[in-house]
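Student: I am new to this structure and should like a close look at a single part of it. Please choose one place and follow it through its surroundings, step by step.

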Amino acid sequence: MDQPVLLTGAGGRVGQAILGHIGEAYDWRLLDREPLSDEKIPASVDSTDVYVADVTDETAVRNAMDGVHAVIHLAGDPRPEAPWDSVLRNNIDGTQKMFDAAVDAGVEKFVFASSNHAVGAYETDERTPEMYRTNHEFRLDGTELPRPSNLYGVSKATGETLGRYYHDHHDLSVVNVRIGNLTQHHPPKEYERGQAMWLSYRDCGHLFECCIEADYDYEIVYGISDNDRKYYSIDRAREVLGYDPTDNSAEFTFEGEPLDEA
Ligand SMILES: NC(=O)C1=CN([C@@H]2O[C@H](COP(=O)(O)OP(=O)(O)OC[C@H]3O[C@@H](n4cnc5c(N)ncnc54)[C@H](O)[C@@H]3O)[C@@H](O)[C@H]2O)C=CC1
Ligand SMILES: O=C1O[C@H](COP(=O)(O)O)[C@@H](O)[C@H](O)[C@H]1O
């Protein structure tokens, strides 16, 4: 692919997981409101393709978007406990500005970092903790309505709906990835829920590469590894995107040690 991929929130955990796996595979534009240290920037990325900017800054976003083929939009407040003024500004207004600039620039694909917290209220007292365990049959598959856990989750559901609008009215291909719990090297320790929705770094890189490469209209998929414990289906990600994860939290102890070394 000759045209660049714009990655917002490039300096954060998800951004670095993506760049750690496919940082040399694409012509990147990187955007973050914090300056990126040299070790966070792939060697092939020129400094003129690194933008220190806020996604609510319309002019800066439009400059970064010029000539871009695909967008991976991660920037935002990732805290489940984030207050309304922050998610309204960073997650909702920032995402709307990104979508608007994308359609005006003729971008083809937009990948939105949604969250498990868009649907966290399905985890009712009656279902938990059993639904976090292996062989429990409860599955969310992306066709269900949002049931946010918190105002952060509301902002993610809103981002998904903004994507629906820009797809239907402007023909932008949109995929929303409801990311589970990204951790490096091992699943979240001593945390049943986190182990059920673990996303390893390499599966994260692979999944977002699939989102750049695949053809789709409007999709909602779950972004987790192929964990034995799971209450999110990854069938849609497999079918539409060709996602084929490698990792499984069952290959680690509850304390996070690899089973083959335990
Ligand atoms: N890490 C995880 O397990 C999960 C992350 N997500 C989502 O993925 C995205 C990335 O999350 P993380 O990498 O974990 O967060 P992070 O906090 O590590 O990285 C976010 C990056 O975005 C930048 N940023 C924040 N607000 C910005 C703004 N207004 N303009 C420009 N840059 C801004 C920050 O400087 C930071 O580098 C977020 O949208 C988050 O909601 C969703 C579910 C799970
Ligand atoms: O959306 C997100 O979800 C993950 C997992 O949620 P948690 O409530 O189990 O911690 C969280 O770690 C991440 O910061 C957040 O952006």
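Tutor: In this predicted model, an oxygen atom of ligand 1 is 2.5 Å from an N or O atom in the side chain of Tyr152. A polar side-chain atom of Tyr152 also lies 2.7 Å from an oxygen atom of ligand 2. This residue is a convenient starting point for the part of the chain to be examined here.

Consider ligand 1 and its surroundings. Of the 25 residues around it, those that come nearest are Arg13, Asp32, Leu74, Tyr152 and Lys156. Its nitrogen atoms have polar partners as well: one nitrogen is 2.9 Å from an N or O atom in the side chain of Asn90, and a nitrogen is 3.2 Å from a polar backbone atom of Arg33.

Ligand 2 has its own set of neighbours, namely Arg13, Pro78, Ser115, Asn116, His117, Tyr152, Gly180, Asn181, Tyr191, Arg193 and Met197. Its polar contacts include the backbone of Pro78, where an N or O atom lies 2.6 Å from an oxygen atom of the ligand. The side chain of Asn116 offers an N or O atom at 3.1 Å from an oxygen atom of ligand 2.

Tyr152 belongs to helix H4, and it is among the buried residues of that helix. Lys156, listed above beside ligand 1, is buried in H4 too. The other buried residues of the helix are Gly153, Ser155, Ala157, Gly159, Glu160, Leu162, Gly163, Tyr166 and His167. What covers the buried residues includes helix H3 (84-105) together with the strands E5, E6 and E9. The length of H4 can be checked by simple reasoning: its 20 residues, at 1.5 Å a residue, should span 28 Å, and because its end C-alpha atoms are 28 Å apart, the expectation and the model agree. Just after the helix, Asp171 takes a positive phi of about 65 degrees.

The chain then reaches strand E6, which covers residues 173-179 and contains Ser173. Every position is covered here, for seven of the seven residues of E6 are buried. In a regular strand, side chains alternate between the two faces of the sheet. In E6, Ser173, Val175, Val177 and Ile179 lie on one side, Val174, Asn176 and Arg178 lie on the other, and residues on both sides are buried. The chain arrives at E6 from strand E5 by way of H4 (residues 151-170), and this β-α-β crossover is right-handed.

E6 has strand partners that can be named. Seven bridges join E6 to E5 (residues 109-115), and the two strands run parallel; within this pairing, Phe112 has Asn176 as its bridge partner. Strand E9 (residues 218-223) is joined to E6 by six bridges, again in parallel, and here Arg178 is bridged to Tyr222.

Ser173 deserves a closer look. Its relative accessible area is 16%, and because buried means under 20%, Ser173 counts as buried. Apart from residues up to four places away in sequence, Ser173 touches Glu108, Lys109, Phe110, His167, Tyr216 and Asp217. One of these, His167, is a buried residue of H4. Another, Tyr216, supplies a polar partner: its backbone oxygen lies 2.9 Å from a polar atom of the Ser173 side chain. Ser173 and Tyr218 are 45 residues apart along the chain, yet their C-alpha atoms are separated by 5.9 Å.

The contact with Lys109 leads back to E5, the strand in which Lys109 lies. With a relative accessibility of 7%, Lys109 counts as buried. A polar atom of its side chain is 2.9 Å from the backbone oxygen of Ile212. Its contacts, leaving aside neighbours within four places in sequence, are His69, Ala70, Val71, Leu172, Ser173, Cys211, Ile212, Glu213, Ala214, Asp215 and Tyr216. Tyr216 therefore appears beside Ser173 and beside Lys109 alike, because heavy atoms within 4.5 Å are found in each case.

The path followed here thus begins at Tyr152, with its polar contacts to ligand 1 and ligand 2, and passes along H4 into E6, where Ser173 touches Lys109.

Definitions and conventions:
Residues numbered from 1 in each chain as written. Chains lettered and ligands numbered in written order. Predicted model: local features only at pLDDT ≥ 70, side-chain atom pairs only at ≥ 80, totals over all residues. Heavy atoms only, no water. Helix = DSSP H or I, 4+ residues; strand = E, 2+ residues; numbered from the N terminus. Buried < 20%, exposed > 50% of the residue type's maximum accessible area, 1.4 Å probe, protein only. Polar contact = N/O pair within 3.5 Å; in protein donor to acceptor, adjacent residues only side chain to side chain. Pairing = 2+ DSSP bridges. Right-handed = clockwise from strand over helix to strand, strands pointing away. Expected span 1.5 Å × (residues − 1). Near = heavy atom within 4 Å.
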